Amino acid sequence: MRRRALKTMSLIAAATVVLAACSPGDPGASSKTLKVAYQKTDSFTALDTMLQAAKQEFEAANQGVTVDLQPIQANDDDYGTKLALALRSPSTAPDIFYEDTFKVRSDVDAGYLLKLDSYLEGWEEWDTFDDGAKAAGRADDGGTYAVPLGTDTRAIWYNRKVLEAAGVTLPWEPRSWQDILDTARKIKANDPTVIPFNMYAGKGTGEGTVMQSFYELLYGTGSSLYDEETGKWVVGSAGFQDSLAFLKTLYDEQLAVSPAEALDANVWKKVFGEWLPNAKMGATVEGSYAPSFWQDGGSYEWPGYEQDIGVAPFPTQHGQAPGAVSMSGGWTLALGAESKEPELAFSFLTTALNEENSLSFTVESSQIAVRKDVAADPGYLDANPFVRDVSALVSVTKYRPATADYPRISAAVQEATEAVITGSRSPQEAAADYDAAVTDIVGAAKTVRK
Amino acid sequence: MRSPATARQLLRYLPVLPAVLLLLVFLAGPVLWAFHASLTDAGLTGRSARNPSWVGLENYQRLLADPVFPLSVLLTVVFVAGSAVLGQNLLGLTLAVLMRRARPLVSAVVGTTVVAAWVLPEIVAAFAAYAYFSGDGTLNQLLGGLGLVRQDWLYAFPMVAVMLANMWRGTAFSMLVYRAALNEVPAEVTEAAQMDGARGWQRFAFITLPMIRGSITTNLMLITLQTLAVFTLVWVMTAGGPANASTTLPVLAYQEAFKFGDIGYGTAVASVLILIGAAFGLGYVRLLREPRP
């Protein structure tokens, strides 16, 4: 009896060992595989199109190489999480991936990204990239870790019909915050059922709240979130309070959407798909990619939007120089630090970002070109009537301070806006809460009063 | 040298060995990993992503100082007590009792309707509930049609909305458990009580309830643990907002670990959740063990 028990036990043990050895093995020496991770959603397929094209081109040119495209179907936040989880372990880390510019620095700190300097030296086309855009892929050590795909800017998008009906002279060019309020009140007086001027607020819209609303205000006061020179976070600024007070005015006078609508994470879909096309909204602050939703094949096709929509730079607080303000983000392609085939992976990256592929991607996703040859291409400049306007904003645009602490700080800003528009805190109190939160996150030594 | 008797004793455990191994790997493993991670500064990105360092109880100290944490514990308790222990449990019992009296057709229709919510995948149920409660959702259209005041449910009463949604989704489970339990109550006991002059509610309170006590406790335990872990429903409907007014512990853990990339802190929240679940579990097991009257 005992012998049999021992035998059974050893059989089970053996089976366990065999099973453990059954983990996915190496793909074989003769053929090489490149894993590519990127984002694909029903409203964002431009990258998928581009990578499919690059895959065909690359596989034809390199016999025996398989490009394994692994689209991740998720919104920006969840995509970032899934990517970070995959990058944590070398066995799941992709060779090439789509990376948000504002995550580059913290992912370099984590050791996820491969330093590209030695590869870029041998790539002639690198010189065609815009210097400002190149900086987006640079980390604290001065090395470049990611190659930009495109960038974006933010501006005011307005419905010409709504403004015209309210007697506003077109093209509308607000010079200060006061101009915005005056026009919004005019629209409201003319037709109370219209939402005159929307700006996102609260945690529901996440980064949209800060990128497409609060930072336009804050950076237009001359203040900023982060002092690049000293590497410290700004607290106690008058500009921060003024910005909150402006949002409060917008929401209190019902010039923007209702607070309940603002806190719904899906509110932007209504802005693009319902309110602006149906002339139920006067204006909103949105990214340069806005036309990609309305053009043919976009998520919210709007025939004739070119005639109905106008674009204007977001003004500074009192119209002080440089007169306008914008925020930029953008995405890059990066290589995994643990990639077994870094040279092959870089070679694929250069195929994916060659002139032809860059041009079609930039046009399809309404991005702002980062390659000078693409930027000068008539196909890009005439993609929609607004390309020139939003591209010009690159001269006044700002970038987010992309440190590892940033996501928490951003959440604290979103909380401050939420507290103000729901009326639970005054702008003064909310700004004080924000200061306390920032001090708590980074420590008093890394803050500066300005 | 062991005696043959001990060996046979050991052999008896052999059939459960695979199950125990699976439990260890897939249940105990992640739990231990979470406890371990909660004592480090592990992150999703940044310097400590790949080589987290030991920080001891720092994450738990931060948790105690975090103003959101007590609110979150309170909301979790309210959520579990309101939507599971009271809502699903009582509603399920009531439905089960009424269905025994109803005509077969009515009983079948009600049963199917209730179970329909339960067989939906959680994400689908969550979107359905979102569509029902949202600003221009079904509920407001119904209220508007009746000439009543429309409400922004997810904004003004986020907890009420997610609790109702969880009741809608989970009642079927309790109903099924109680239907099975009620069928097991022998008719002659009830009849004997009737002969002794016990009225309807007396028969229910003094005969039926004590006889299905075991099922009640089991059901309570299962729905409590299930509701403690509800994440998708809350995340899709309110994402914890507005202003943290519906941030239950699973939502808080997710936000900290994945939105802010602070896995150490997030797992600390998750560890507290595990402890709360364990406390509930122990309590119910105690109830189950008490000698039957």
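**Entry 1. Domains of chain A**

Into which domains is chain A divided? I looked this up before anything else, keeping in mind that the model is predicted. I found domain 1, covering 32-152 + 329-398, and domain 2, covering 154-328 + 405-449. I then took the C-alpha centres of domain 1 and domain 2 of chain A, which lie 28 Å apart. To the contact between them, domain 1 of chain A gives 21 residues and domain 2 of chain A gives 23 residues. On the side of domain 1 of chain A that touches domain 2 of chain A, I noted that helix 19 (387-392) and strand 14 (397-399) of chain A each supply at least two residues. I sorted the residues of that side of domain 1 by kind and recorded seven nonpolar, nine polar and five charged.

**Entry 2. Chain A as a whole**

I looked up the secondary structure of chain A and found 21 helices and 15 strands. The radius of gyration of chain A is 25 Å, and the globule rule gives 22 Å for 450 residues; the two are close, so I describe chain A as being as compact as a globular protein of that length. Along the principal axes, the C-alpha atoms of chain A fill a box of roughly 90 × 55 × 45 Å. I noted that 48% of the 450 residues in chain A are buried. Of the contacts in chain A with a separation of 6 or more, 74% are between residues 24 or more positions apart.

**Entry 3. Confidence in chain A**

How much of chain A has a pLDDT of at least 70? I recorded 93% of the residues, with an average pLDDT of 88 for chain A. Residues 16-29 of chain A have a pLDDT below 50. I looked for contacts of this stretch beyond near neighbours in sequence and found one in the model.

**Entry 4. Where the chains meet**

I turned to the contact between the chains, in which 24 residues of chain B meet 31 residues of chain A. On the side of chain B that touches chain A, the elements giving two or more residues are helix 1 (4-12) and helix 14 (249-259) of chain B. Helix 1 of chain B has the largest share of that side, with five residues. I divided the residues of this side of chain B into 14 nonpolar, five polar and five charged.

**Entry 5. The largest nonpolar core**

Which residues have the most contacts inside the largest nonpolar core? I listed Leu333(A), Leu349(A), Leu233(B), Met237(B) and Val269(B), in a core of 190 residues. Helix 9 (residues 158-184) of chain B gives the most to this core, namely 12 residues. From chain A, the core draws at least three residues from each of domain 1 and domain 2. I followed Leu233(B) further. Setting aside neighbours within four places in sequence, I found Leu233(B) in contact with several residues, among them Glu122(B), Ala129(B), Val162(B) and Arg169(B).

**Entry 6. Leu381(A)**

I located Leu381(A) in helix 18 (residues 378-381) of chain A. Is Leu381(A) buried or exposed? Neither word fits fully: I counted 15 other C-beta atoms within 10 Å, so Leu381(A) is partly exposed. Leaving out residues up to four places away in sequence, Leu381(A) touches Val387(A) and Arg388(A). I also compared Leu381(A) with Trp233(A): they are 148 residues apart in sequence and, C-alpha to C-alpha, 38 Å apart in space.

**Entry 7. Backbone details**

I looked up cis peptide bonds and noted one from Leu170(A) to Pro171(A), with omega near -5°. Pro171(A) is in the loop between helix 7 (160-165) and helix 8 (177-190) of chain A. Another cis bond runs from Ala321(A) to Pro322(A), with omega near 0°. I placed Pro322(A) in the loop between strand 11 (314-315) and strand 12 (324-328) of chain A.

I then looked up positive phi values in residues other than glycine. Gln254(A) has phi near 55°, and I found Gln254(A) in the loop between helix 10 (238-252) and helix 11 (259-262) of chain A. Gln254(A) has 14 C-beta neighbours inside 10 Å, so I entered Gln254(A) as partly exposed.

In chain B, Ala239(B) has a positive phi of about 55°. Ala239(B) belongs to the loop between helix 13 (232-237) and helix 14 of chain B. Why does Ala239(B) count as buried? I entered Ala239(B) as buried because there are 22 C-beta neighbours inside 10 Å, and the cut-off for a buried residue is 20 or more.

Key:
Residues are numbered from 1 along each chain as its sequence is written. Chains are lettered from A and ligands numbered from 1 in the order in which they are written. This is a predicted model: local features need pLDDT of at least 70, side-chain atom pairs count only at pLDDT 80 or more; totals for chains, interfaces and linings use all residues. Two residues are in contact if their C-beta atoms, placed from the backbone, lie within 7 Å. Helices (H or I, at least four residues) and strands (E, at least two) are DSSP runs, numbered from the N terminus. Ala, Val, Leu, Ile, Met, Phe, Trp, Tyr, Cys and Pro count as nonpolar, Asp, Glu, Lys and Arg as charged, and the others, Gly among them, as polar. A nonpolar core is a set of buried Ala, Val, Leu, Ile, Met, Phe, Trp, Tyr and Cys residues joined through C-beta atoms within 7 Å. A residue is buried if 20 or more other C-beta atoms lie within 10 Å of its own, exposed if 12 or fewer, and partly exposed in between; C-beta atoms are placed from the backbone. Domain bounds come from an automatic or database domain assignment. The radius of gyration is taken over C-alpha atoms; the globule rule is 2.2 Å times the number of residues to the power 0.38. pLDDT is the predictor's confidence in each residue, from 0 to 100.
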